[in-house]
Amino acid sequence: MFTLDRLRALAAVAVHGSIAQAARSMQMTPSGVSQQLAKLEREAGHPLLEPHGRSVRLTHAGRILAGHADRLLAQLAAAQADLADLGDEVLGPLRIGGVGSAVRTLLPDALAALAAEHPRLTPTVVDGEAVDLLPRLLSGELDLLLIESWANRPLTVPEGVTLRTLVSEDVYAAVSDRHPLADRESVDLADLPDTVWACCPPGTEPYEALVQALRARGVEPDIRYSVAEHITQLALVARDLAASLIPAMSRHPAPPGVRFLHTRPPLRRDIRAAWLTLNESPPVRACVAAIEA
């Protein structure tokens, strides 16, 4: 008969991709996790792991059992959460990571509401991009993320991560009011073949979305300014040094001299909350509810 501890070990390896990282997330030693998995293999009657370089990966049987483990553990977590909600206070640490625009726009009011309702909750916040934040979520370093997904380049996350869309918004082409097309209400990206762009650094969701959007319209992007903050990008736009793709929530405050044009075809961005399904906690649920309120 499979025990929950052994199923948790298998599910953790499936999420983290290695026994060492799974052990860290479970606050166990790698040898302890290996022993649990060896017992589980004997109980299952099938090999569940196989070598993969310096690490391991799940066999076909391992993936099947891990899927059942995820559902069982998620149901158990939901039962535990329901019992906790009967009277337990929301308290303790809540480690949040988010993209800058979401941190600036969505979190302050939510954190103020949480401080008033749950004074023993102690949130901490770091900003960054999904490419850097997701590994910190998977390692157990962060509890909750606010990350972005662009419609023309949807965000992909590993199994075991729950996503919930918080905001869906238009994305605009920001140009200087001296730009030849500044008097338009909308602009086809194909009409911007010689435009210099400011964007978040390579590898981030905004960068890849900009590159794909332009190439889809036959334009090879000329990205000369790699800066993370939208307000800095807009400062470059205002001086007619570059154009930028700016989501709706980042249009304010904008310096004088910037025009925001609808794009053709339309571009959209979602802000999504992300957390490990197995590690959903009352603080995570309380924070997401506060943002949605």
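**Exercise 1. The cavity**

Find how many cavities of 30 Å³ or more this predicted model holds, and describe the lining of the largest cavity.

Solution.
Step 1. Empty space is located by rolling a probe the size of a water molecule over the atoms.
Step 2. In this predicted model, the search gives one cavity of 30 Å³ or more. The volume of the largest cavity is about 50 Å³.
Step 3. Its lining consists of W150, A198, C199, C200, P206, L210, H230, Q233, S244 and L245.
Step 4. Assign the lining to elements. Two or more residues come from each of β8 (196–199), α7 (205–216), α8 (230–238) and β10 (244–247).
Step 5. Sort the lining by class. There are seven nonpolar and three polar residues, and no charged ones.

**Exercise 2. The largest pocket**

State the volume of the largest pocket, and determine which element gives the largest share of its lining.

Solution.
Step 1. The volume of the largest pocket is about 360 Å³.
Step 2. The pocket is lined by 17 residues, of which R8, M26, L73, L278 and N279 are the closest to its centre.
Step 3. Three elements, α1 (4–16), α2 (19–26) and α4 (60–84), give two or more residues each to this lining.
Step 4. The largest share is that of α1, with five residues.
Step 5. By class, the lining of the largest pocket holds nine nonpolar, five polar and three charged residues.

**Exercise 3. Two helix contacts**

Classify the packing of α2 with α3, then that of α1 with α3, and list the residues that make each contact.

Solution.
Step 1. The description of two packed helices needs the angle between their axes and the distance between the axes.
Step 2. For α2 and α3 (residues 30–44), the axes come within 8 Å and the crossing angle is roughly 105°. Angles of 65 to 115 degrees count as roughly perpendicular, so α2 and α3 are roughly perpendicular to each other.
Step 3. On the α2 side the contact is made by I19, A20 and A23, and on the α3 side by P30, V33, S34 and L37. Six of the residues in this contact are nonpolar, one is polar and none is charged.
Step 4. For α1 and α3, the axes are 9 Å apart and the angle is about 110°. By the rule of Step 2, α1 is therefore roughly perpendicular to α3.
Step 5. From α1, the residues D5, R6, L7, A9, L10 and V13 take part; they meet V33, Q36, L37, K39, L40 and E43 of α3. The contact of α1 with α3 has seven nonpolar, one polar and four charged residues.

**Exercise 4. The aromatic pair**

Classify the aromatic pair formed by Y172 and F260, and locate both residues in the chain.

Solution.
Step 1. A search of the whole structure yields one aromatic pair.
Step 2. An aromatic pair is described by the distance of the ring centres and the angle of the planes. For Y172 and F260, these values are 6.5 Å centre to centre and 80° between the planes.
Step 3. Planes over 60 degrees apart count as edge-to-face, so the pair of Y172 and F260 is edge-to-face.
Step 4. Y172 belongs to strand β6 (residues 161–176) and F260 to strand β11 (residues 258–276). The two are 88 residues apart, and the pair links distant parts of the chain.

**Exercise 5. Backbone exceptions**

Locate the cis peptide bonds at P253 and P265, and the positive phi at Q27.

Solution.
Step 1. Recall the usual case: most residues other than glycine have a negative phi, and most peptide bonds are trans.
Step 2. The bond between H252 and P253 is cis, with omega about 0°. P253 sits in the loop between β10 and β11.
Step 3. The bond from R264 to P265 is also cis, with omega near -5°. P265 is part of strand β11.
Step 4. Q27 is a residue other than glycine, and its phi is positive, near 55°. Q27 lies in the loop between α2 and α3.

**Exercise 6. Surroundings of G128**

Place G128 in the chain and list its contacts beyond four places in sequence.

Solution.
Step 1. G128 is in the loop between β4 (121–127) and α6 (130–138).
Step 2. With neighbours within four places left aside, G128 is in contact with G98, V99, G100 and L133.
Step 3. I147 is 19 residues from G128 in sequence, and their C-alpha atoms are 8.9 Å apart.

Definitions and conventions
Residues are numbered from 1 along each chain as its sequence is written. This is a predicted model: local features need pLDDT of at least 70, side-chain atom pairs count only at pLDDT 80 or more; totals for chains, interfaces and linings use all residues. Side-chain values use heavy atoms; hydrogens and water are left out. On a 1 Å grid over the protein atoms alone, a cavity is a set of points where a 1.4 Å probe fits but cannot get out, and a pocket is an open set with protein on both sides within 12 Å along at least five of seven lines; lining residues have an atom within 4 Å of a point. Grid points are joined across faces, edges and corners, and a volume is the space filled by probe spheres set on the points. Helices (H or I, at least four residues) and strands (E, at least two) are DSSP runs, numbered from the N terminus. Ala, Val, Leu, Ile, Met, Phe, Trp, Tyr, Cys and Pro count as nonpolar, Asp, Glu, Lys and Arg as charged, and the others, Gly among them, as polar. Axes are lines fitted to C-alpha atoms, for helices over the stretch in contact, and angles run from 0 to 180 degrees between N-to-C directions. Angles under 35 degrees count as roughly parallel, over 145 as roughly antiparallel, 65 to 115 as roughly perpendicular and the rest as oblique. Contact means heavy atoms within 4.5 Å. Rings of Phe, Tyr and Trp (its six-membered ring) pair if their centres lie within 6.5 Å; planes under 30 degrees apart count as stacked, over 60 as edge-to-face and the rest as tilted.
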